[in-house]
Amino acid sequence: MADTKYIFVTGGVVSSLGKGIISSSIGKLLQARGYNITIQKFDPYINIDPGTLNPYEHGECYVTVDGMETDLDLGHYERFTGIQTTRANSLTTGRIYKAVIDKERRGDYLGKTIQVIPHITDEIKRNVKLLGTRYKYDFVITEIGGTVGDIESTPFLEAIRQLKWELGSNALCVHLTYVPYLKAADELKTKPTQHSVKELLSIGIQPDILVLRTEKHLSDGIRRKVAAFCNVDFDAVIQSEDLPSIYDVPINMQAQGLDSVILRKMNEPVGETPTLGPWRNFIDKLRRATEEVHIGLVGKYDLQDAYKSIRESLSQAGTYNDHKTVLHFINSEKLTDANVAEQIAGMNGVVICPGFGHRGIEGKIVAARYTRTHDIPTFGICLGMQMMVIEFARNVLGYGDANSREMDEKTPHNVIDIMEEQKNITNMGGTMRLGAYECVLKQGSRVLDIYKKTHIQERHRHRYEFNNHYVKEYERHGMQCTGINPESELVEIVEIPGLKWYIGTQFHPEYQSTVLHPHPLFLDFIKTAIAHKAGEKQRQ
């Protein structure tokens, strides 16, 4: 392929239709045909990145290897395709405007009046093409957040209009809309889709392919009607029905020829349809798994998307262990010594979730104590690991007032503290230890046994660290520091070898777990939880 080709994915009617899943599926299908692809997300909000956004507003904040805090859709891109995204794969209106304003302040525009068109749209276009020109990808898939008609996304759509005009057959627009079912009339309604396409046309963009989200199967008659009203070929009207799993979507898209239509419209040879063997094997395992493993998620955000990558990692690990992972949210704000036994009853394993701030931490400490003293497989991630460390200090080392400097500035036993270079930082955004860092695993440790290699790299997102002054004391009392950053000597992993599975990681392993390469820590944690369940059954 000589030139990079650009696919734009837009959404209409309502948000949350699954543009990220469709973008990931397109990427997966083109990748299976041997193309070198990448996927990027443009978010219309003015925040520089989602790092300071409340998870209730925006779900989890996903972190790339190079330390960019991004939208959770980048997690889908990586899980589906196995590619590694970077800061260039995630942009917001805030970053675009900041770049333009910085240039204006430096005098780069030579005294010109700065306007949305051409300055903002040119900056968007430059960023759309950046990955293609720098890395010579065959396809760059660009997902535009929000919904057509939103005032915020207008500059992005204008930039797409211009690019489609400039790039000709090297650019294509996939528009995702919703076809609602009206129960009272027993009818599927295409009018919202027609209006959404009309809105796009009014901006000057003719969609090339329509993907219709629907809860019920659409007849060919409905698809023909949509094709006729929206100036789209009949075979380019694809339906995306509700499916048992998001991982069924690429197979469903392939069955309807979405990738073939894209290639044909972009003047690429269609060739044979890939078999997607390993992907289908995963789906088969997912379907066949009937035995359940029950995992408690101890956290403060009662929202599926807040722990999206953790949920997906646990689910994938269950599938590869021939089990269906059933997740139970346990609200750490409501967890006390009085109700912890009842809340954790029936759990085969517990994950103490990451987070920021004071709210709900005492509940996490209560959970850590209960699972440690009852030998229930426990996985603490980031703040979860820190709570395991604090619990151990309070109840084993005898420091009843032990805490993190984040929660109590004046704690005499600051077993979790802030790094020297972080102490004077006042900005909240992008100032933590972010992205991939090295970690060396200790000989004879459980984690070395799991990873099967001494040097690993994992992604971080935190400001506070294990206080190294206490390492010897912890190790003397049975909690080992088994993963260390070679440059800073910071503790990355703690474990209690005497227990079935009691491991805390300062990093976020969930960011590296993909469909075809599930993370070893999650695989082993679920495997141990299944064995724990079997042991409990025998005891009963």
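Helix α15, residues 383–395, lies across the strands β16, β17 and β20, and its direction makes an angle of about 145° with β17. Keep in mind as you look that this is a predicted model. The three strands under discussion form an open sheet in the order β16-β17-β20, with mixed pairing. β16 (403–404) and β20 (464–466) stand at the edges with a single partner strand each, so one side of each has no neighbour in the sheet. To see one of these pairings, follow β16 to strand β17, residues 414–418: the two run in the parallel sense and are joined over two bridges. Here N403 has N414 of β17 as its bridge partner.

Now step back along the chain to the loop between β15 (378–381) and α15, where you will find C382. The phi angle of C382 is near 55°, a positive value in a residue other than glycine. Is C382 buried or exposed? With a relative accessibility of 3%, C382 counts as buried, because the cut-off for that class is under 20%.

A residue with a similar story in one respect is K136. Its place is in the loop between α5 and β6, and the phi of K136 is also positive, near 55°, again in a residue other than glycine. The surroundings are another matter: K136 has 60% relative accessibility and therefore counts as exposed, the cut-off being over 50%.

The helix before that loop has a detail of its own. I117 and P118 are joined by a cis peptide bond, with omega at about 15°. You can find P118 within helix α5, which covers residues 116–135.

On the other side of β6 (139–144), in the loop that leads to α6 (154–167), sits G146. This glycine is partly exposed, with a relative accessible area of 26%. Which residues does G146 touch, once its neighbours within four places in sequence are set aside? The contacts of G146 are G11, K19 and P44. The fold also brings distant parts of the chain together here: G146 and V14 are separated by 132 residues in sequence, and their C-alpha atoms are 8.4 Å apart in space.

Next, turn to a pair of helices. The axes of α7 (residues 191–203) and α8 (residues 220–230) come within 10 Å of each other and cross at roughly 25°. Angles under 35 degrees count as roughly parallel, and α7 and α8 are therefore roughly parallel to each other. The crossing of α7 past α8 is right-handed. Which residues meet there? From α7 come T193, Q194 and V197, and from α8 come K225, V226, F229 and C230. Sorted by class, this contact holds four nonpolar residues, two polar ones and one charged one.

Finally, look at strand β12, residues 292–299. Seven of its eight residues are buried, so β12 is largely enclosed by the rest of the structure. β12 pairs with strand β13, residues 324–331, in the parallel sense, and eight bridges link the two. To place yourself along this pair, find G296, which stands opposite H328 in β13.

Terms used
Residues are numbered from 1 along each chain as its sequence is written. This is a predicted model: local features need pLDDT of at least 70, side-chain atom pairs count only at pLDDT 80 or more; totals for chains, interfaces and linings use all residues. Side-chain values use heavy atoms; hydrogens and water are left out. Axes are lines fitted to C-alpha atoms, for helices over the stretch in contact, and angles run from 0 to 180 degrees between N-to-C directions. Helices (H or I, at least four residues) and strands (E, at least two) are DSSP runs, numbered from the N terminus. Angles under 35 degrees count as roughly parallel, over 145 as roughly antiparallel, 65 to 115 as roughly perpendicular and the rest as oblique. A crossing is left-handed if the near helix is turned anticlockwise from the far one by less than a right angle, and right-handed if clockwise. Contact means heavy atoms within 4.5 Å. Ala, Val, Leu, Ile, Met, Phe, Trp, Tyr, Cys and Pro count as nonpolar, Asp, Glu, Lys and Arg as charged, and the others, Gly among them, as polar. Buried means under 20% relative accessible area, exposed over 50%, partly exposed in between (1.4 Å probe, protein chains only). Two strands pair if DSSP finds at least two bridges between them.
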